[in-house]
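I opened this entry to keep a record of what I looked up in the structure, starting with the aromatic side chains and the confidence of the model.

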Amino acid sequence: MPVQLTPNAVPIINGGDVNLKPLMQVTDVKLIGSQERYRFLLSDGVWAQHTMAATQLNELFKTGQVRKGSVVQLTEYICSKVQNRKIIVALNMETIVLDSEIIGNPKQYGESGPTAQTALPKDNFQQSAYGNNHMMGQGPVPKWQNPRPSFHPENSVPSMPSARPTYQSESFYNNVPNPRPTFRPEMSAPSVPNFRATVQPSYQPPPQYKNHGTVFKNEAPARIIPINALNPYQGRWAIKARVTAKGDQRRYNNARGDGKVFSFDLLDSEGGEIRVTCFNAVLDRFYDIIEVGRVYLISKGSLKPAQKNFNHLKSDWEITLDASSTVELCPDEDGSIPDQLFDFRPISAVESAESNSILDVIGIVTSVNPSTTILRKNGMETQRRILHLKDWSGMSVEITLWGEVCNREGQRLEKLLASGVFPVLAVKAGKVNDFSGKSIGTIHSTRLYINPPDLPEARQVRDWFDRGGKDAASVSISKEFMPGGVTKNEIRKTVSQIKDEGLGRSDKPDWVTVRATISFIKTDSFCYTACPLMIGDRQCSKKVSRSGDRWQCDRCNQEFEECDYRYLLQAQIQDSTGLTWVTAFQESGAEILGCTAKELYFLKNDGQDEEKFADIVRSSIFNHFMLKLKIKEELYGDEQRVKITVVKADTVNYSAESRYMLDVISKLSRCFFWVLSI
């Protein structure tokens, strides 16, 4: 039995209907743009209209569930005007018939739809003119005619505007190839031998009726739609969602000047998530209004493609609020919207996760370290706190808390552990790091939930821990520092392996630990003159030059009487396999020589105490160190050289090193006996 498409579906949808749920046929499909959007033609058998599929429907086209010839039912849709033409936006649809012959002979639906005027042949004009002659008293007008009477404004009646006849637009006649035909006398009515047809201009109303009409604005509230149905082709929309994360205010500087920005994440009742961003004056309006956990009605924002480098949510779009946007708090709690949406991964899966990926984990907190102050690259100080999390997968991971989280959730966890309680911790949107093993760090959108009462996973991990998981052994996938600078998962190398394995020649630097001896230190240029000025909370430290009796910094563009001195130490290290040159800067240089660069400089130059200077240098030579090295190939002139920098230099803790070596011997022994057993 042939499929019956919904009659006049295209004109009805263009008229603004959103409840018809019509049966229509796909007559063409095209993939457009880098965002993988599908555009297709929908037909009702007579008319066809361009349609854009919402991104959540992409899978239907990719898997072939919707193709050319398919008969579908539109269950959710809107009609929007884009670049002065209307298109249908399909938000949801179902395939009724997968393959079918094209039904009817559909034509492209224009702006004026099926009521569009078509060009008439010349005979019609002659007949129309004939009808006009009779309108002027020359005979009766046939019923099939559509006469166009002549209109003379001077003969009109201004006091009776309703008496004016209705006139067709001049554009009706502009579609005719010969809009001003000349009629021969023999073709005209005999009673009017000299009639000459003219094309009348479009009717203009009298001046007293101009601009007196009321302009009505559509003040109806925008229809609430799911987050997953949002797309940039919608004119008016609104979403009702719960705030699941709120970032801090951040300052930025670019070519357009300084500014400030913050963002927050939303979750609706259908599980859709999207990020919202506010800049400058819009930030001032909404920053104090937005609270995590509250439900809001948001409308009138612009949608832009999500920047996946900074946005981990699954939505292809993100919202930017502007001056016309509205954010209304919903005072009545909406129980249909969950507080948070989790996708927990076992800790064992974190080990294979890609660096910088975002994921959720849950486990038992087994230890919490004190909070410490860290100096960031931008010179600003921040707080850092490290804790350890374990779960039933037999693995544990290091969680690094940054910023205010250290003093808020961090202190609470520390107090719980001090009282003998091992709390459950759920981490939402943690960032995976791979420096010396895998760890998870907090970012501005990370949320921590301590002993969440309504999570089934929290009850499961608590039951596991109480039934023996507390005493179960776990393997850490993160770095764990031991005395002597040794880390559990550090990469130990010998000096010869640095060259033999080509370390430092990849895109990223290699970080290794070497147990070696300082065999030589250059003393002719062991430090440089540095700028002592502070930029924010950090010292400038750029090299300065003499300007008369003062010092000048080109970076700060300032002069000062005294400069600072910082290590730029060139040293040779060696072990049983070979030797190589390394560079040690301020902190690591002080760890090797046991004093600051300024003290050593004045001892050599101002104090003229060469003997004491030499004693300090000699006391550092032939000492054993655990050296944390950064190895990276750099360009010097036209030559590529591998630069080895000492990041940290610790004296060897022989007890810890002995345990390390015994562990290596034990592993080698097991490997040896396994080979013999084969």
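Before listing anything I fixed what a ring pair is: rings of Phe, Tyr and Trp, the last by its six-membered ring, pair if their centres lie within 6.5 Å. With that in hand, I noted that ring pairs link Y38, F40 and F61 into a cluster.

**Confidence.** I am working from a predicted model, and I looked up its confidence before going further into the side chains. The mean pLDDT of the protein is 79, and 77% of its residues reach 70 or more. Over residues 111–217, however, I found pLDDT below 50, although this stretch has 76 contacts in the model beyond near neighbours in sequence. Residues 481–489 also have pLDDT below 50, and there I noted 22 contacts beyond near neighbours in sequence. I leave both stretches without further comment, because predicted coordinates should not be read in detail where pLDDT is low.

**Aromatic pairs.** How many aromatic pairs does a search of the whole structure find? It finds 16, and I followed up two of them in detail. For F342 and F344 I recorded ring centres 4.7 Å apart and planes at 15 degrees; planes under 30 degrees apart count as stacked, so I entered this pair as stacked. Of its two members, F342 is partly exposed, with a relative accessible area of 22%, whereas F344 is buried, at 17%.

For W464 and F465 I recorded centres 6.3 Å apart and planes at 55 degrees, so this pair went into my notes as tilted. I then asked whether F465 is buried or exposed. F465 is buried, with a relative accessible area of 5%, while W464 is partly exposed, with a relative accessible area of 22%.

**Charges over rings.** I next looked for lysines placed over aromatic faces, and I kept two cases. K246 lies over the face of Y287, at 4.0 Å from the ring centre. K522 lies over the face of W581, and here I noted 5.3 Å from the ring centre.

**E354.** Where is the place of E354? I located E354 in the loop between α6, which covers 347–350, and β13, which covers 358–368. I entered E354 as exposed because its relative accessible area is 63%, and the class requires over 50%. I also checked E354 against D434: the two are 80 residues apart in sequence, and their C-alpha atoms are 8.3 Å apart in space.

Terms used: Residues are numbered from 1 along each chain as its sequence is written. Side-chain values use heavy atoms; hydrogens and water are left out. pLDDT is the predictor's confidence in each residue, from 0 to 100. Contact means heavy atoms within 4.5 Å. Rings of Phe, Tyr and Trp (its six-membered ring) pair if their centres lie within 6.5 Å; planes under 30 degrees apart count as stacked, over 60 as edge-to-face and the rest as tilted. Buried means under 20% relative accessible area, exposed over 50%, partly exposed in between (1.4 Å probe, protein chains only). A charge sits over a ring if NZ of Lys or CZ of Arg is within 6 Å of the ring centre and within 35 degrees of the ring normal. Helices (H or I, at least four residues) and strands (E, at least two) are DSSP runs, numbered from the N terminus.
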